[in-house]
Amino acid sequence: MEIDDIPLIAGHPALDFLNALEERASPAEVNYLPDYARLLRWSARVGLVAERGQRALMRAQADHPGKAKKAWAAAMDLRRALDAIFRALAKGKPPPDDAVRAFNATLAEAHARRRLQPQPGAALAWRWETEALEIPAWEIALAAATLLTDPARCARIRICGNPACDWMFLDESRTGQRRWCRMNVCGNEAKVRRFRERQKNR
C-alpha cells in the first residue's frame, strides 16, 4: 500500500501509527511501514516531520543504511510498547509495566535531544539537537506522551467494535458512543453480519 493510501482515521498520529498494521500478531500480519523510508514518509505525511527534516533524514538514510535499519527496528519496538499501553487503557486496565518502561526509555532519548532555539520575532521553538535517524520515533513518542497525559482525551480511546478489526481511535463524537474505526468499512460489515444472522434465524 502506498503511503498516501494508508488510512488516517484515529484522530491522533500516535494511534494512526498503531493502525499502520493489520492482522496484528498473526501469520497474515501486514505492516504498512516495513522499512525506514516508508516510516519517514508516513511521519512527514502526518505532520510529525517537516519537509526540510525529511530531506535531511533521507540523505542520512542513504549514507547510513545500517543505522537506518536499527532506527526503524527501534520504532517498531516503540509501536509494540505503545500498542500495549493504549490497548490496556482502552479496556480500562493499567498499562503493562514493561511497555511503560520501554516507552519511557524512548521518551527520555527524545527529550534529551530537544533544544529551544530562537525564531523570527520573539518566539522560541523546539528543534532537534542533531539530524538523528531516530527522529521519527522520537516525534511519535512525544505525540503519544501528549495524549497519554490528557485524561479527558485518554478516556475516549476506543478499540473498533468489529471483532475482525483491532484498530484504535479517539471517540470525538458528541455522545461518546462511536463503535467503529470506519463506519463505511467495519460499520457496514457489522450491519451485513446482523442481517445475515436475522435471515438465518428466520
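In this short talk I will go through the overall build of this chain, then its nonpolar core, and finally its cysteines. Please keep in mind throughout that what we are looking at is a predicted model.

Let me begin with the overall build. The chain has 202 residues, of which 40% count as buried, and its C-alpha atoms fill a box of roughly 70 × 35 × 35 Å when that box is taken along the principal axes. If you follow the cartoon, you should find eight helices and six strands, and reading along the sequence they come in the pattern α-β-β-α-α-α-α-β-β-α-α-β-β-α. When we take the contacts with a separation of 6 or more, 53% of them are made by residues 24 or more positions apart.

On the outside, the chain exposes about 11700 Å², and carbon and sulfur atoms supply 51% of that area. As for charge, there are 34 positive and 25 negative charges, and the mean positions of the two groups lie 5 Å apart.

Now let us turn to the inside. In soluble globular proteins, nonpolar side chains tend to be buried together. Which residues touch the most other members of the largest nonpolar core here? They are F86 and F103, in a core of 55 residues. Several elements supply at least two residues each to this core, among them α1 (13-19), α4 (65-90), α5 (97-112) and the strand β6 (168-170), while the largest share, ten residues, comes from α6. If you would like one residue to look at more carefully, take F86: leaving aside residues up to four places away in sequence, F86 touches A14, L15, L18, A144, L147, L148, I157 and M168.

Finally, the cysteines. How many disulfides does the count come to? The count is zero, although some of the sulfur atoms may catch your eye as you turn the model. C165 is in no disulfide, and the nearest cysteine sulfur, that of C181, is 3.8 Å away; C165 itself is buried, with a relative accessible area of 14%. Why, then, is there no bond between C186 and C160? The sulfur of C186 is 3.6 Å from that of C160, its closest cysteine sulfur, and this is too far for a bond, because a disulfide is counted only when the two sulfur atoms are within 2.5 Å. C186 also counts as buried, at 2% relative accessibility.

Terms used:
Residues numbered from 1 in each chain as written. Predicted model: local features only at pLDDT ≥ 70, side-chain atom pairs only at ≥ 80, totals over all residues. Heavy atoms only, no water. Core = buried A, V, L, I, M, F, W, Y, C linked by side-chain atoms within 4.5 Å. Buried < 20%, exposed > 50% of the residue type's maximum accessible area, 1.4 Å probe, protein only. Helix = DSSP H or I, 4+ residues; strand = E, 2+ residues; numbered from the N terminus. Contact = heavy atoms within 4.5 Å. Areas by Shrake-Rupley, 256 points an atom, 1.4 Å probe, with all protein chains shown as cover. Lys, Arg positive; Asp, Glu negative; His and termini not counted. Charge placed at Lys NZ, Arg CZ, Asp CG, Glu CD.
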